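Hello,

Here is the structure I promised to pass on. Please open it first, then read my notes below.

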Amino acid sequence: MASNQVQKKTLTGTIQKVLDPTKIGTWNIVRRPPIENKTVIQGKPREQNSNAFKTHQAKEGARLKKALNALTHGKNIFVYHNIRTNQVVYSLTRYLEKNNVLRQLLYHGKKTVPATLRKDMWAPYFSVHFTDSQVGLRAYHLLREFSMQRQLDPPRDMITITEAFLNQKRPRDPEEAKKFDEDYKGKLGWIMKKEDRARAVMDQKATSVADISAVIAIQEEEIKNGFAEYSRGYLTRTARKRRRAALQKNESIAEEHAKKIAEFENTLSHEAVTYKIQDPEAPADGAELKRSPDDLVKILWSDVHNARYAESWPRRVLHGELELSRNHVMPGQKPVRGQKPIAGAVEILADKIFKEKKTEAAPTTETEAKHA
């Protein structure tokens, strides 16, 4: 729990702990929030061990998770990869949701789409953090589109038999290798077999990194051209009416979510400690959000060397590392060694164009070693 909160001391002497809403969605108290026994459900007071009580508790937990996710919806994209097939899925929450994952897995042949979500087969890959939710949702949409387009209409070089493909697939047994070479003799440049083609198309681990680099570059141009900036003159009367109704509906939903979160904060808090749930990256009250192509984008990697899959990175990208985690939930940012973690501070390993530090070459001869 320590990694999910920031402590503050108030004037009254009580300790206020700020919780990150993206990290508490998997807590048992969120999945099944406490409800008093004998609560009236479906017109009758229900016992805690009754099915009606348990169903109501699960539904309340789903509503609470939805309210928590709404605080940061669109600002974060969490990317997972399959440890066996290298398939990549995108999520707006730190934890994987079954329907969201299975919807992204396209059918490429027998046993290419699992029957259900096995969380032990999916590992955190990287996470992307934006300052504006609309920009983040646009990036999420583009990443999903690029992934689907590549799988439905793969480039020819991805599914073509090459020398590297043959070297990787060739058996180690000499007799089997001889038979393999006879089968593939003269087939360089041919299209792969169906099962090999499916495995090649499903492997999105490298291309997903190139996609996020390209998406951030595309969005720089979109923001310059006025992305998500609406003017009254460009909307018809009917469109303005629909937009007004949608804004009113969103306000009412936001009020319901705020009420649920306030009730949950009161449930967690006690005399010595009060809990506050809020977006750690949220701007100060009254601050106006202005979209700019120079707004920083932070990417946290499970292995920072995977950033090399992209040819280049836009200058507004900051790179960091994810903490080590043994479960399927995406962890938070790993503090830089030698620095104390500060609330709200951006701790990075590399910024702008991703470049490693240059190191001096090791001495190659005995004479050079003496002078070193």
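**Strand 5 and its surroundings**

In strand 7, H81 has A123 as its bridge partner. Keep in mind that this is a predicted model. That pair belongs to a longer contact: strand 5 and strand 7 (residues 122-129) run antiparallel, joined by seven bridges.

Strand 5 has another partner. Four bridges pair it with strand 6 (residues 88-91), again in the antiparallel sense. Here V79 stands opposite Y90. Five residues lie between the two strands of this hairpin, and N86 takes a positive phi near 65° there.

How many of the residues of strand 5 (residues 76-82) are buried? Seven of the seven, so the strand is largely enclosed by the rest of the structure. In a regular strand, side chains alternate between the two faces of the sheet. Both faces of strand 5 are covered. N76, F78, Y80 and N82 are buried on one side. I77, V79 and H81 are buried on the other.

**The cores**

The largest nonpolar core has 27 residues. I77, F126, V128, I212, I299, W301 and W313 have the most contacts inside it. Elements giving two or more residues to this core include strand 5, strand 7, helix 4 (133-152) and strand 9 (297-301). Another core, of 13 residues, lies apart from it. L19, A67, L268 and I277 are among its members.

Take a look at F126. Its contacts include I77, F78 and V79. They also include S208, V209 and I212, as well as I299, L300 and W301. L322 and M330 are touched too.

**Helix 8**

Helix 8 (205-224) also gives two or more residues to the largest core. It has 20 residues and reaches 30 Å from its first C-alpha to its last. That is close to the 28 Å expected at 1.5 Å a residue. Its buried residues include V209, I212, V215, I216 and I223. K205, D211 and E222 are also among the buried ones. What covers them? The cover for the buried residues of helix 8 includes strand 5, strand 6, strand 7, helix 4, strand 9 and strand 10 (317-321). Just after the helix, G226 takes a positive phi of about 90°.

**One more residue: F180**

F180 is found in helix 6 (residues 174-183). Is it buried or exposed? Its relative accessibility is 9%, so F180 counts as buried. It touches L166, K169, R170 and P171, leaving aside residues up to four places away in sequence. F180 and R170 are ten residues apart in sequence, and their C-alpha atoms are 6.6 Å apart in space.

Best wishes

Conventions
Residues are numbered from 1 along each chain as its sequence is written. This is a predicted model: local features need pLDDT of at least 70, side-chain atom pairs count only at pLDDT 80 or more; totals for chains, interfaces and linings use all residues. Side-chain values use heavy atoms; hydrogens and water are left out. Buried means under 20% relative accessible area, exposed over 50%, partly exposed in between (1.4 Å probe, protein chains only). Two strands pair if DSSP finds at least two bridges between them. A nonpolar core is a set of buried Ala, Val, Leu, Ile, Met, Phe, Trp, Tyr and Cys residues joined through side-chain atoms within 4.5 Å. Contact means heavy atoms within 4.5 Å. The expected span of a helix is 1.5 Å times one less than its number of residues.
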